[in-house]
Amino acid sequence: MTNGWNDIANADVILAMGGNPAENHPVGFRWVMEAKRNRNAKLISVDPRFHRTAAVSDVYVPLRVGSDIAFLGGLIHYSLSKKRYNEEYVRHYTNAPLLIREGYSFNEADGVFSGWNAETKSYDKSSWNYELDGQGYAKIDEKMEHPRSVFQLMKHHYSRYTPEMVSKICGCSVAEFEKAAELITSTYTPDRAGTIMYALGWTHHSFSVQLIHAAAMLQLLLGNIGIAGGGLNALRGHANIQGGTDCGVAYHNVAGYIAMPKSDQTSLKQFLTAVTPKPLRPNSMNFWSNTDRFFVSQLKAYYGKTATAANEFGYQWHPKIPQAGTGYENWSWGFLFDAMYAGKMEGFLNFGMNPVSNGPNSKKAIAALSQLKWMVVAENFDQETSSFFKPEILATIDKKPADVQTEVFLLPAANFAEKDGTFTNSSRWIQWKWKAVDPPGLAKPDHEIIARLFLRIRELYQKDGGKFPDPIVNLNWWYSNPVEPSLDEVCKEINGWDLTTGNQLEKFLDCKADGTTLSGNWLYIGMYTGAGNLTQRRVNTDPTGLGRYPNWSFNWPANRRIMYNRCSADSKGKPWDAKRPTIAWNGEKWTGDVPDYKPDSAPEQGMGPFIMLPEGVARFFVPGQFVEGPFSEHYEPAESAVVNPLHPKTSSNPLVRRFSTPHDKLGEAKDYPIVCTTYRLTEHFHYWTKNNPYNMEIQPEFFIEIPEELAKDKGIANAQMVRITSARGSIEGKAMVTKRIKPLDINGQRVYQIGFPIHWGFLGRGSQKGSLANLVTPTILDPNSFAPEYKGFLVRLEKV
Amino acid sequence: MNATRRDFLRIGAAGAAALGFDLAPARAEARALKIARTTETRSTCPYCSVSCGVIVHTAGDKARNAKPFVVHVEGDPDHPINQGSLCSKGIALKNNIVNDRRLTKVLYRAPGTDKFEERTWDWAIDRIAHLFKETRDRTFREKDSQGRTINALTSIGVIGGCTDANEINYLMSKTFRAGLGVVPIEQQSRI
Amino acid sequence: MAGSTLELKRISAVSTAPPGVRETTVVSKYIDTTSCIGCKACEVACQQWNDLPPEVTVQFGTYQTLPDMTPSFWNLIRFEETEVDGAQAWLMRKDQCMHCADPGCLAACPAPSAIVQYVNGIVDFNQEHCIGCGYCMTGCPFNVPKLNKTTSKVYKCTLCVDRVSVGLEPACIKACPTGCLQFGSKPQMLHLAEQRVARLKENGFANAMVYDPPGVGGTGVVTVVAHGDRLASYGLPRDPSIPLAVTLWKKPLKWLGNLGMIAGVVVAGLHYLKFGSKPEPEAKEPEK
Amino acid sequence: MTIERYSFQERVIHWTAGLTYIYLLLTGLAFYSPTMWWIAGMLGGGPVIRYWHPVAGLAFVATVLWMYKAWRRDMRLSDLDRKWAKGIVDYVSHQDHKLPPVGKYNGGQKQFFWVMFYGALALLASGMILWWTEAIPWSLRWVRFAAVLLHVAAFLVTVAGFIVHVYMGTVVVKGGLTAMTSGKVTKEWAHHHHPLWK
C-alpha cells in the first residue's frame with residue numbers, strides 16, 4: 001500500500017477492482033465503510049462477480065475476467081479526453097512532459113510495440129526510452145505538446161479505449177462504464193481524493209504488472225498518488241507477506257529490494273555499478289544512489305567481522321544467479337517447480353507453505369515433489385504438501401506411494417501466538433507481537449528449527465569439511481542463545497548498528513559503505529534505534545485526525561505513513577487540500593507526515609517528488625523496466641474464450657511465460673467454452689482454516705458458483721454436484737446457482753463465467769473430498785512478476 | 001369429595017402467595033466472565049495483512065506452577081486498525097491455537113511408504129543436516145559455464161515465511177542464501 | 001448492569017410483582033444492514049464467546065451458514081439474492097434474539113423464572129428453570145428460541161449478559177469489522193439509526209427505514225434497512241406482535257378457564273346443597 | 001342381587017383413563033397458569049412433569065380409543081337421548097320420573113363420552129404439535145398457534161365434563177362409584193336408573 005488502511009477513511013471515491021476487500025480484508029474494509037458513513041464516499045466495485053464488496057457498493061460494474069486493462073485504459077482515455085486530470089500534478093510530478101526517443105511506436109494492427117521480433121518473440125527495447133541530452137538527462141517539453149512527449153504518446157495510445165471498446169472487451173454496458181468513469185475521474189480536482197484497492201484479482205493474471213501500471217497511470221492523472229485518501233493500495237494476502245518481500249525472501253532480490261547479484265557481476269564494484277541507477281533529471285534525488293551503503297551493511301550483517309574491504313565484504317561468498325542464454329536463470333515459483341518436475345532439484349525446505357494446494361497446477365506440483373530426494377516441512381498442521389505421498393493425493397497423478405522415494409520430514413512448528421517477533425502489514429507497519437503460550441507437544445518455533453539445522457550443518461562442515469564452507473563457517477551467528485536466537489536481537493540486527501560506536505542506526509543514511517555499519521535490511525532502519533524497539537510502540541493517538549497514528553509501531557520507510565507524500569502538496573508546497581494535508585512547506589522545512597523527500601529542499605528547487613526513481617517523477621511511460629511494453633495494453637488471458645477485439649493478431653500477452661510438460665497443456669474455447677476464475681472466501685484463510693471447527697462450520701464445503709442462465713442451459717439445480725474440467729484436470733463440487741454472476745456479451749459473443757473458492761483439499765476437518773481448486777489452474781506466468789494466472793482460464797462444466 | 005376439590009382449589013388459589021417463589025434463582029445466572037482474571041497478551045492476527053491486534057487470554061496469572069492455556073482470543077480495542085473488531089477467521093483464532101489437529105510430534109516418511117512414523121528432534125535435525133550437506137557438496141555450483149564464480153546452490157529450494165516474523169524471514173535468507181548459498185528461495189508473494 | 005435480582009423487570013410465569021427496582025440504562029444493539037458485508041464474524045464471535053459446539057453444516061447452495069438458528073447457533077446472517085428496481089442486490093441481515101420490550105417468549109412461558117427481562121432490556125433464558133415445553137418458540141414473533149433435544153432446554157442469544165453485566169459490549173458487536181453493528185443505550189442507537197436512514201434517503205433509498213417494531217414495544221435491536229418496502233427479503237416480519245393465540249390464552253382464556261373451573265365446582269356444591277343426591281330406589285328384600 | 005355393569009377390563013381402562021386424566025389435569029394446570037405452578041413442585045418439578053405430561057397424554061388417548069372401540073355402539077345417541085336431553089332440568093332437579101326411560105347409559109353419560117372422545121382427539125392432535133413445536137416449520141406457524149388454542153380449549157371443555165362426571169358419579173348418583181369399582185350394581189339400581197338396560 002502506498003497509503004494505509006486507516007487512510008482509506010479519507011477517500012471520497014474508492015475503486016475496489018481486482019479485489020474483493022469486504023471478503024478478504026473485512027477489517028481493513030471497515031475504513032471504506034467509515035469513509036462511506038462519515039464522508040458519504042462512493043464505493044465502486046468492478047468485478048466479474050457481484051460479491052460481498054459489490055453488495056455494499058454504490059456502483060457495481062460487471063466485467064469479464066481478465067479485461068481489467070481495457071477498463072482502466074478506458075478510464076485513462078476518459079480522463080484525458082474529457083480533460084478530467086490534474087494538469088499541474090501531471091506536469092510536475094510525472095514523466096508526462098519528458099520526450100521519448102524517435103523510433104518508439106505501437107503497432108495498433110498487430111498489437112505490438114516497436115522493437116518486436118516476431119521470430120524470436122522478443123523485444124529490442126532500445127526505442128522505449130527517453131531522448132537524452134548531452135548530460136544524460138531526459139529532454140522535456142513543459143507544455144506537454146511535443147508529439148513525442150509522454151503525454152501525447154499516452155493520449156494517442158489510449159485513444160482506442162473508447163467507452164464502446166471497453167464495453168466490447170469487458171462486457172459491461174457503455175452506460176455502466178460511463179457512470180463509473182464519471183465518478184472515478186471526479187477526483188481529479190484538488191479537493192477530492194480517490195483510492196484504488198486491489199489484490200489478487202489483478203496480480204493473478206499473465207499481464208498483472210501492466211495492469212497495476214495502468215491503475216497507477218490513472219491515479220497519477222487524477223493526482224491521487226501521495227495524498228491522504230488516495231494512493232494505489234495493494235491489499236496483500238498473508239500476515240507477513242509484505243515483511244517476507246521486504247526481507248528478501250524471493251529469488252530475485254536480497255533484503256531491501258536490492259537485486260540479487262548475477263554471475264556476470266564478478267566484483268562488488270561491478271555489482272554496485274549495475275544496480276545503482278544514474279539520475280535522469282538534474283533535479284532528481286535518486287535515493288538509490290545509496291545502494292552501496294545498504295548492500296555493504298547487509299553483507300556486514302551476514303558475515304560480521306569476516307567481511308572486510310579486502311574480501312569485498314564477503315561478496316564472493318554470496319550466491320549469484322547464474323547466467324542462462326542472454327538472461328539469467330529464473331528460480332521463481334513456477335520455474336522452481338518446473339525444475340523440480342524435471343528432476344533438477346534434490347532437496348526442499350518448506351516453512352509453513354503448501355505448494356500442492358496454493359501453487360498453480362497442483363498435479364504438476366505433486367509430480368514435482370515426487371522427484372525430490374528429501375523434503376522438510378515445518379508446519380502447524382499436516383497438509384497436502386507434507387502428505388503428498390499419501391495414496392489419495394498421488395492418485396491424482398496415477399502414482400502410488402511405492403513409486404515415490406522422497407524422504408519427508410514433517411516438523412511440528414509453533415504458530416503465531418507461540419513466538420514473538422514482528423509482522424509487517426500492508427500499511428507497512430512493522431508491529432511486534434508477544435508470545436502468549438508455549439507450543440503444543442514437541443512443536444518448536446521456526447527460528448529454532450532454522451538455527452538448529454544451520455548449527456548442525458555448520459558443525460558437519462567444521463568437522464568434515466566439504467564444498468565451499470567459507471560462508472557457512474563465517475556466517476555472523478552472534479546471538480546470545482545460538483540455538484534459539486532471540487528475535488529481539490535479530491530485530492536489532494535487521495535495523496543495524498554502527499560498529500564503531502555500537503549505537504543503533506537511527507536513519508537510512510547512518511549506514512555506510514565502508515564496512516563500519518551493519519544493517520540486515522536498510523529499509524527497516526529506524527525500527528530499533530537508541531530509543532529502543534519502536535515496533536513495540538502502542539501509542540494510539542491520532543493528532544491530525546487523519547488516521548496516521550505516528551507513534552504506533554514503526555512504519556517503513558522512516559516511519560512515513562503515506563508514500564510519495566511530496567505529491568500531496570502543489571508545486572509551491574501548499575497542500576492540494578487544506579482539509580487533508582499530508583505535508584506542507586513552512587518556509588524552512590517540510591512538516592506533517594515524515595516527508596518522502598529531502599526534508600529541507602524548498603519547493604522552488606524543484607526536486608522531483610519520486611525520490612526512488614532516477615527521473616524523480618512518476619512514470620506513465622516505463623522506459624524499459626517491463627518486458628511487454630512501456631504502456632499497458634489489453635491482452636487476453638492465455639486461455640481466453642474470445643479473441644482480443646483490439647488486435648486479434650496478438651490476442652494474448654506475447655511474452656507470457658509458460659512451460660511444456662504434459663501438465664502444462666492449455667485448452668481452447670471450443671473444448672472448454674466457459675471462463676473460470678478462482679477466489680477466496682471471508683470465512684476461510686487459504687488452506688489453514690479447514691482445520692478449524694468454527695470456520696468449517698460457517699463454510700463447510702467446496703462449491704462452484706454458476707450463473708442461473710448457464711445452470712438452466714445445463715439443467716443444473718442448486719446444490720447439485722457438478723464437475724469442472726480444464727486441460728489440466730477436473731474437480732467436483734456442489735453447484736451454487738446464483739444471480740450474482742451474469743452472462744456477458746463480449747463483442748457479440750455470449751460468454752459465461754463461473755468461479756469457485758479455494759480453501760478445500762485432501763486434509764482437514766469435515767468433508768474435504770479432494771476438491772482442490774488448483775487441480776485445474778494453469779502455470780501461466782506474468783513475464784515481469786512471474787505470478788501465475790489463476791484467474792481467467794477455460795473449463796467445461798457438467799452435471800455429475 | 002366435594003370438600004376435597006374445594007380445598008384443592010383453595011390451595012391452588014393461595015398457592016402463589018402461600019408457597020411463594022424463591023426469586024434468587026430467577027436471575028438468569030449470568031456466567032461468570034470467563035476472562036475475568038486471565039493473562040492478556042497482545043499479539044497480531046496471523047491471517048491476512050491487515051494485521052489486526054488481538055488479545056490472547058490465557059489461564060493462569062503466570063505463576064510458575066500454572067501452565068498457561070488459551071481461554072479466549074478477541075480483538076485489541078487499542079489497535080488503530082481493527083479497534084477491537086475481527087473477522088470470522090480472526091475471532092476463531094483460538095481454534096488455530098488449540099486444535100486437536102495440531103502437529104505435536106516429529107514425523108518422518110521413509111521412501112516408498114505411505115505413512116509417517118514418529119522420530120525425535122535430534123534424529124531429524126541430524127538426518128536433514130546430513131542430507132543437506134550431501135546434496136550441497138555434490139551439486140554446489142562454484143563456477144558458471146564461463147568460469148565465473150557464482151557459489152550458487154540450485155538443487156535445494158527453500159520456501160516459506162509468509163506468516164513468520166520478519167526476524168525469521170531474515171534468518172531464513174541469511175542462513176540459506178548468504179550462508180548455505182541457496183538461490184531458489186521463494187514465498188507466497190510470488191503466487 | 002444486568003444480573004442482579006433488583007434488576008428483574010419481568011419474570012415468566014410469576015404472577016407476583018417482579019423485584020426490579022433499579023433503573024438502569026436500557027441497552028440496545030444497532031444493526032445497519034446497509035453496511036453489513038455478511039462476513040459472519042458475529043456468528044463466530046457468538047459461538048466462540050459462548051463456547052458453543054460447532055454445528056455440522058453442509059453447503060446448500062447459499063452463503064448462509066444454516067437455514068435457521070439452532071440451539072447452539074444463536075446468531076445467523078441471512079442472505080438474500082434479489083433485484084431491487086432492476087439492480088442486483090444481495091441483502092444480508094444479522095438475525096438473533098431481538099430482545100423485545102414486550103417479549104412474546106416470556107409471555108408464553110409457563111415455567112416461573114425460566115425467562116426473565118432485566119430493567120436494561122435484556123431478555124434472557126434461565127435454562128435451570130426451563131422445562132423445555134417450547135411455548136416460547138410459539139410466542140416469539142421472530143422465530144428465535146430453539147430447543148435442544150438432548151438437554152430439553154431452549155436457547156438463544158443472551159445479549160452477552162455476562163459481558164454486559166460487567167460493562168463490556170456483546171461479543172458480536174465487538175467483532176463486527178465494518179461497524180455495521182453498534183451497541184449502546186437505546187436512545188443512542190435510535191439516533192444513529194435515524195441519522196443513517198437520513199443519509200440513505202439522501203442517497204436515493206426512498207424506502208429506507210428504522211426497524212423498531214412497536215407491536216412488541218420496540219426491540220433491543222435497532223435495525224436499519226435500505227428497502228423498508230421489502231422487509232421479507234431481510235427475513236423481518238412487517239408488524240410483529242405477540243401471537244394472538246398466546247395473548248388469548250394468557251389473558252381471556254386463562255381467566256375464563258379459571259373462572260369456569262371455580263364456577264363448575266361452586267355450582268356442583270350449590271347443586272348438592274339444594275338438591276342433594278338422587279333418590280335411590282328402595283332396597284328390596286333379597287330374593288329367595 | 002347384583003348384576004355386572006362393568007367388566008374387569010372396562011374398569012381397568014376407566015381407571016387408567018381417570019388416573020392419567022387426573023395427572024394430565026394436574027400437570028396441565030401447572031402449565032396452564034402460574035398460580036398452579038406449585039403442583040409442578042409437588043409432582044417432581046417442571047422438567048419432570050414436562051417430560052411425563054405428553055407420555056401420560058398418549059396413555060390417556062389410548063384408553064379413550066379403547067373405550068371408543070368397546071363402547072361406541074352403546075354410546076350412539078338416539079332420538080330417545082334427544083328427548084331425554086330436553087328434560088335435563090328435570091334430571092338436574094332430580095325429577096327423573098318426568099324423563100323418558102333410558103338404557104344402559106343416559107343421554108348425559110353418552111354426551112360426556114363423546115365430549116371426552118373428541119376432546120381427547122383434539123388434545124392429542126394439538127398436544128403432538130406442542131410436543132414437537134420445532135417440527136412445525138415457521139412458515140406454518142399458524143398451526144402452532146392453532147394448537148395452543150385448541151389444546152387450551154379442549155382442556156377447558158373436557159375439564160367441564162370431568163367436573164360434572166366426577167360430581168355425578170360420586171355424589172349425585174349413589175352407587176355410581178361402586179359400579180366402577182366393583183363392576184356390579186343391584187338390579188334395583190339398574191332398573192331405577194337405566195330401565196331399558198337389558
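In this predicted model, strand β16 of chain A (residues 407–412) runs antiparallel to strand β4 of chain B (residues 106–109), the two being held in register by three bridges. Within that pairing, A:Leu410 sits across from B:Leu107 of β4(B). The strand pair is a good way into the wider meeting of the two chains, where 105 residues of chain B are in contact with 139 residues of chain A. On the side of chain B that touches chain A, the residues sort into 49 nonpolar, 34 polar and 22 charged.

Another place to look at these two chains together is helix α20 of chain A, which covers residues 487–495. Its buried residues are A:Leu487, A:Val490, A:Cys491, A:Glu493, A:Ile494 and A:Asn495. In an α-helix there are 3.6 residues to a turn, so residues three or four places apart point the same way. As for what the buried residues of α20(A) pack against, the partners within chain A are the helices α13 (291–303) and α18 (446–464), along with the strands β17 (421–424), β21 (528–529) and β22 (532–533). Chain B joins in as well, through its helix α4 (166–179). Just past the end of α20(A) comes A:Gly496, with a positive phi of about 95°.

Chain B also offers a nicely covered strand. In β2(B), residues 53–58, six of the six residues are buried. B:Gly53, B:Ile55 and B:His57 point one way from the strand, while B:Val54, B:Val56 and B:Thr58 point the other way, and all are buried. That fits the usual picture, as side chains in a regular strand alternate between the two faces of the sheet.

β2(B) has a pairing with β1(B) and another with β3(B), taken here in turn. With β1(B), residues 39–44, the pairing is antiparallel and runs over six bridges; here B:Ser43 stands opposite B:Val54 of β2(B). With β3(B), residues 70–75, the sense is again antiparallel, this time over five bridges. In this second pairing, B:Ile55 faces B:Glu74 of β3(B).

Turning to chain C, the domain assignment splits the chain into domain 1 (5–242) and domain 2 (243–278). Taken over C-alpha atoms, the centres of these two domains of chain C are 40 Å apart. The contact between them draws seven residues from domain 1 of chain C and four residues from domain 2 of chain C. On the domain 1 side, the elements giving two or more residues are α2 (104–108) and α3 (135–139) of chain C. The largest share of that side, three residues, belongs to α2(C). By class, the side of domain 1 of chain C that touches domain 2 of chain C holds four nonpolar and three polar residues, with no charged ones.

Chain D, finally, is built from nine helices and two strands. Along the sequence, the order of elements in chain D reads β-α-α-α-α-α-α-α-α-β-α. The C-alpha trace of chain D spans about 55 × 35 × 30 Å along its principal axes. Chain D has 198 residues, of which 36% count as buried. As for how contacts in chain D are spread along the sequence, 66% of those between residues at least 6 apart join residues at least 24 apart.

Conventions. Residues numbered from 1 in each chain as written. Chains lettered and ligands numbered in written order. Predicted model: local features only at pLDDT ≥ 70, side-chain atom pairs only at ≥ 80, totals over all residues. Domains from an automatic or database assignment. Helix = DSSP H or I, 4+ residues; strand = E, 2+ residues; numbered from the N terminus. Nonpolar A, V, L, I, M, F, W, Y, C, P; charged D, E, K, R; others polar. Buried ≥ 20, exposed ≤ 12 C-beta atoms within 10 Å, placed from the backbone. Pairing = 2+ DSSP bridges.
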